[in-house]
Structure formats: structure tokens, C-alpha cells
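Subject: Structure for you to look at

Hello,

Here is the structure I promised to pass on. Please open it first, then read my notes beside it.

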Amino acid sequence: MPNWRAGGTLLRNASATRLAKLFSSSSARTSSSKLFVGGLSYDTNETALKDAFSRYGHVTAVKVICHPTTGRSKGFGFVVFSSQDDAAAAVHKMNGEVLDGRNIRVHYSNC
């Protein structure tokens, strides 16, 4: 079923633009220095995350995403390395590893 804008114009061009961006940025994601880390324990904080990933290179930023009201971790976060090579090493070594009693998932970030 077509997706119509309020003015009656079909949103086909917008969808095509989003798909083009997705495919054009997919190679950029595989060579990024920003990593998504999922499956974190609710007890894992930014210090623990940085310590775990610092073994693979210089970590420039770490963020554990928390609920805005409760302040409790949502179970995922991001780690940024100073180089793409360090990030690649971390993805290779840390994906599936145990951190604070949980198997974590590590992938290149989409954002």
C-alpha cells in the first residue's frame, strides 16, 4: 500500500533516498571507530566498559545509555576508539565475550 503525505504526494522519493543512504553508508560502518555494545549487565557502568575495551587501543569516549527517569542502564552503550584498527580488534576479540556476567554483542555503530 502506498505511503501518502498529507498533501497527497507519494513518499516514494523519500524511501528511495533512505535506502540509498543505508547502502552507501554500509561500507562506512564497517570501517568506523565507533562501536555499539549490546547485552550489557544493568550494573555495567562507563568505567567498567572503558576498562574492558582499553585493552585493544586508545578509547576516546564511552557512553552507557540510561533511562532518563530512573537512571538505570538500558543494557547497551557505545565505545569510540581513536583508530579504526583498534576498533576492528575490539570487535573481533570482544564480540561474544562475558562482561559482568553477561555475553555482550559488539558491532560497528550505525550512528
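**A contact to start from**

The side chains of T44 and D100 are joined by a polar contact of 2.7 Å. Keep in mind that this is a predicted model.

Where is T44? It sits in the loop between β1 (34-38) and α2 (46-53). T44 is buried, because its relative accessible area is 3%, and buried means under 20%. Leave aside its neighbours within four places in sequence, and T44 is in contact with L49, V64, L99 and D100.

Now take the other partner. D100 lies in the loop between β4 and β5 (102-103). D100 counts as partly exposed, at 43% relative accessibility. Look at its backbone too. Phi of D100 is near 50°, which is a positive value in a residue other than glycine.

**The whole protein**

Step back for a moment. The protein has three helices and six strands. From the N terminus on, their order is α-β-α-β-β-α-β-β-β.

The protein has 111 residues, and 27% of them count as buried. Its accessible surface comes to about 7200 Å². Carbon and sulfur atoms hold 52% of that surface.

Then there are the contacts with a separation of 6 or more. Of these, 60% are between residues 24 or more positions apart.

**Helix α2**

Which residues of α2 are buried? They are L49, A52 and F53. These residues cover an arc of only 90° around the axis, so they are on the same side of α2. Here is the background: an α-helix has 3.6 residues a turn, so residues three or four places apart point the same way.

The other side of α2 has exposed residues, T47 and D51.

What do the buried residues of α2 pack against? The list is β1, β2 (59-66), β3 (73-81), α3 (84-94), β4 (98-99) and β6 (105-108).

Follow L49 as an example. Without its neighbours within four places in sequence, L49 is in contact with V37, L40, T44, V62, V64, F78, V79 and L99. You met T44 above, and L49 is among the contacts of that residue.

Check both ends of this helix as well. At the start of α2, a side-chain oxygen of N45 comes within 3.2 Å of the backbone nitrogen of T47. After the helix, look for S54, in the loop between α2 and β2. A polar atom of the S54 side chain is 2.6 Å from the backbone oxygen of K50. S54 is partly exposed, at 33% relative accessibility. The C-alpha atoms of S54 and F81 are 8.8 Å apart, although 27 residues separate the two along the chain.

**Helix α3**

Next, turn to α3. A87, A90, V91 and M94 are its buried residues. They share one side of α3, because their arc around the axis is only 100°.

Which residues are exposed on the face turned away? That face of α3 carries D85 and H92. The cover over the buried residues of α3 includes β1, α2, β3 and β6.

Behind α3 comes G96. Its phi is positive, near 90°.

**The core**

Which residues touch the most other members of the largest nonpolar core? They are L35, V37, L49, F53, F81, I104 and V106, out of 19 residues in that core. The elements that give two or more residues to this core are β1, α2, β2, β3 and α3. The largest share, four residues, comes from α3.

Two of these names should be familiar by now. L49 and F53 are also among the buried residues of α2.

**Cysteines**

Two cysteines are worth finding. C66 counts as partly exposed, at 36% relative accessibility. C111 is exposed, because its relative accessible area is 62%, and exposed means over 50%. How many disulfides are there? A disulfide needs a pair of cysteine sulfur atoms within 2.5 Å. By this rule the count is zero.

**Where to look first**

Start with the polar contact between T44 and D100. Then go to L49 and trace its contacts, including T44, V64 and L99. Finish with α3, which gives four residues to the largest nonpolar core.

Best wishes

How values were computed: Residues are numbered from 1 along each chain as its sequence is written. This is a predicted model: local features need pLDDT of at least 70, side-chain atom pairs count only at pLDDT 80 or more; totals for chains, interfaces and linings use all residues. Side-chain values use heavy atoms; hydrogens and water are left out. Buried means under 20% relative accessible area, exposed over 50%, partly exposed in between (1.4 Å probe, protein chains only). A polar contact is a pair of N or O atoms within 3.5 Å; within protein, one must be able to donate a hydrogen and the other to accept it, and residues adjacent in sequence count only if both atoms are side-chain atoms. Contact means heavy atoms within 4.5 Å. Accessible areas come from the Shrake-Rupley method with a 1.4 Å probe; for residues, only the protein chains shown count as cover. The arc is that of the directions from the helix axis to the C-beta atoms. A nonpolar core is a set of buried Ala, Val, Leu, Ile, Met, Phe, Trp, Tyr and Cys residues joined through side-chain atoms within 4.5 Å.
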